[in-house]
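I am keeping these notes while I look through a structure that is new to me. Each entry records what I looked up and what I found.

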Amino acid sequence: MDFEGKIISREISRLLWEKEKTVSTAESCTGGRIAEGIIAVPGASKYFKGGIICYVNEVKENLLGVSHELLEEKTAVCEEVAVEMVKGACKALNTDYAIAATGIAGPGGGTKDIPVGTIWLACGSPEKTVTFQLTEDEGRDINLANAANKAAQMFCDFLKAEFEPEEAVES
C-alpha cells in the first residue's frame with residue numbers, strides 16, 4: 001500500500017471509530033484489495049466486519065441478493081449491480097456501510113460494450129450510495145490498484161460528507 005493509501009485508510013479509521021460505525025466490502029474484480037487497505041490500520045476490527053469476494057454471479061446473487069434479472073439484462077459490470085452489492089453487503093454482514101467493486105480488470109474478458117478497464121465502484125449505506133466508473137485500461141495490476149485506491153478515497157469522501165459536512169465543502 002502506498003503512502004497516500006495509508007493516509008486515506010487512517011482517515012477512514014478515524015471517521016468510523018469516532019462515530020462507532022461499521023463497514024464491509026463486496027468485491028468482485030478487486031478480490032479483497034479494498035478490504036486489505038481497510039485492515040492495514042491497527043484496530044480495524046472495531047469497525048470492519050468482513051468482506052465478500054463475489055467473483056462470480058452465483059455468489060453475487062446468493063450471498064448479496066443481486067437480482068438475477070439485472071445480471072442477465074445488464075451484466076455484472078454496471079452501476080446498478082455495484083449499488084446492489086453495497087446494499088447486499090450491509091445486509092449480509094450487518095454493517096452501516098459497504099464498499100463494492102465490479103468490473104473487468106483484464107487482460108482479457110472485455111467486449112466492445114464493456115472494455116477491459118471498466119470497473120464500477122460504489123459505497124455508502126442501504127439508503128444512500130455513491131458510484132464511480134473507471135474506464136482506463138492501464139494493465140491488470142494498475143487497474144486493480146487504481147480501483148482499490150479510488151474506492152477508498154470515494155468512501156473517505158462519503159464519510160466526511162456524512163459526518164463533517166461543513167469541512168467537506170471547504171476542502
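**Entry 1: V130.** I began with one residue of this predicted model. V130 has 30% relative accessibility, and I count V130 as partly exposed because that value lies between the 20% limit for buried and the 50% limit for exposed. I located V130 in strand β5. Leaving out residues up to four places away in sequence, I listed its contacts as L121, A122, C123, M154 and F158. I also checked V130 against L144: they are 14 residues apart in sequence, and their C-alpha atoms are 19 Å apart in space.

**Entry 2: β4 and β5.** Next I looked at what β5 pairs with. β4 and β5 are antiparallel and share 6 bridges. In this pairing C123 is opposite V130 of β5. The two strands make a hairpin, with 4 residues between them. I then asked how many residues of β4 are buried. The count is 6 of 6, and β4 is mostly covered. I119, L121 and C123 point one way from the strand, while W120, A122 and G124 point the other way; both sets are buried.

**Entry 3: the sheet.** I followed the strands outward to see the whole arrangement. There are 5 strands in an open sheet with mixed pairing, and their order is β2-β1-β3-β4-β5. β2 and β5 (129-134) are the edge strands, each paired on one side only. Ignoring direction, neighbouring strands are turned against each other by 10° on average. For background, I noted that strands of a sheet pair through backbone hydrogen bonds, either parallel or antiparallel.

I looked up two further pairs in this sheet. Strand β3 (residues 97-103) and strand β4 (residues 119-124) run antiparallel and are joined by 6 bridges. Here A98 is opposite G124 of β4. Strand β1 (residues 23-27) and strand β2 (residues 48-53) are parallel, with 5 bridges. E27 has I53 in β2 as its bridge partner. With helix α2 (residues 33-39), β1 and β2 form a right-handed β-α-β unit.

**Entry 4: T25.** Is T25 buried or exposed? T25 is buried, because its relative accessibility is 0%. T25 belongs to strand β1. Apart from neighbours within four places in sequence, T25 contacts I34, A35, I38, F48, G50, G51, I52, A89, L93 and I99.

**Entry 5: α6.** I turned to the helices. Helix α6 (residues 140-163) has 24 residues. From first C-alpha to last, α6 reaches 34 Å, close to the 34 Å expected at 1.5 Å a residue. α6 packs on the sheet and touches β1, β3, β4 and β5; its direction makes about 25° with that of β4. I noted several buried residues in α6, among them L144, M154 and F158. M154 and F158 were already in my notes as contacts of V130.

**Entry 6: α3 and α5.** How do the axes of helix α3 (residues 57-64) and helix α5 (residues 79-93) cross? They come within 9 Å and cross at roughly 45°. The crossing angle therefore makes α3 oblique to α5. On the α3 side, K60, L63 and L64 take part in the contact; on the α5 side, V81, E84, M85, G88, A89 and A92 do. I had already listed A89 as a contact of T25. α3 also lies across β1, β2 and β3, and runs at about 140° to β2.

**Entry 7: backbone exceptions.** Last, I looked for backbone angles worth a note. Most residues other than glycine have a negative phi, and most peptide bonds are trans.

- E20 is not a glycine, yet its phi is positive, at about 55°. E20 is in the loop between α1 (3-19) and β1, and with a relative accessible area of 63% E20 is exposed.
- T75 is also a residue other than glycine with a positive phi, near 75°. T75 sits in the loop between α4 (68-74) and α5, and at 33% relative accessibility T75 is partly exposed.
- The peptide bond from G106 to P107 is cis, and its omega is near 5°. P107 is in the loop between β3 and β4.

Technical notes
Residues are numbered from 1 along each chain as its sequence is written. This is a predicted model: local features need pLDDT of at least 70, side-chain atom pairs count only at pLDDT 80 or more; totals for chains, interfaces and linings use all residues. Side-chain values use heavy atoms; hydrogens and water are left out. Two strands pair if DSSP finds at least two bridges between them. A crossover is right-handed if, with the strands pointing away from the viewer, the path from the first strand over the helix to the second runs clockwise. The expected span of a helix is 1.5 Å times one less than its number of residues. Buried means under 20% relative accessible area, exposed over 50%, partly exposed in between (1.4 Å probe, protein chains only). Axes are lines fitted to C-alpha atoms, for helices over the stretch in contact, and angles run from 0 to 180 degrees between N-to-C directions. Angles under 35 degrees count as roughly parallel, over 145 as roughly antiparallel, 65 to 115 as roughly perpendicular and the rest as oblique. Contact means heavy atoms within 4.5 Å.
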